[in-house]
Amino acid sequence: VATYLREAVFKEILNLLAEGFSNQEIAGLLVIGLSTVKSHINSLYSKLGTHRRTQAIIIARDQGLLSG
């Protein structure tokens, strides 16, 4: 269950990144701390093999990871 929830949060954050939300805005929308958002984003970057927000979005889009 924890893995499923973590993956759901990662996908939600990834979609919010793709929509152009800032880290602070994501924290507010998901009602989590800014440091938690940053931690999740760094984990996403690692999973996607990049260190840049724009590149992560491109990779996620190419891999069909984004909703909509």
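This report describes the nonpolar core, one helix pair and one loop residue of a predicted model.

Local features are given only at pLDDT of at least 70 and side-chain atom pairs only at pLDDT 80 or more, while totals for chains, interfaces and linings use all residues. Residues are numbered from 1 along each chain as its sequence is written, and side-chain values use heavy atoms, leaving out hydrogens and water.

The largest nonpolar core (buried Ala, Val, Leu, Ile, Met, Phe, Trp, Tyr and Cys residues joined through side-chain atoms within 4.5 Å) has 17 residues, of which Ile13, Leu14, Leu17, Ile26, Ile41 and Leu48 touch the most other members. Each helix in the table (a DSSP run of H or I, at least four residues, numbered from the N terminus) supplies at least two residues of this core.

| Helix | Residues |
|---|---|
| H1 | 2-18 |
| H2 | 23-30 |
| H3 | 34-48 |
| H4 | 53-62 |

Leaving aside residues up to four places away in sequence, Ile26 touches Ile13, Leu16, Leu17, Phe21 and Val37, where contact means heavy atoms within 4.5 Å.

H1 and H2 pack at an angle of about 135°, with their axes (lines fitted to C-alpha atoms over the stretch in contact, with angles from 0 to 180 degrees between N-to-C directions) 10 Å apart. The contact is made by Glu12, Ile13, Leu16 and Leu17 of H1 together with Asn23, Ile26, Leu29 and Leu30 of H2.

Valine 31 lies in the loop between H2 and H3 and has a positive phi of about 55°, although it is not a glycine. Most residues other than glycine have a negative phi. Because its relative accessibility is 71%, valine 31 counts as exposed (over 50%, whereas buried means under 20% and partly exposed lies in between, with a 1.4 Å probe and protein chains only).
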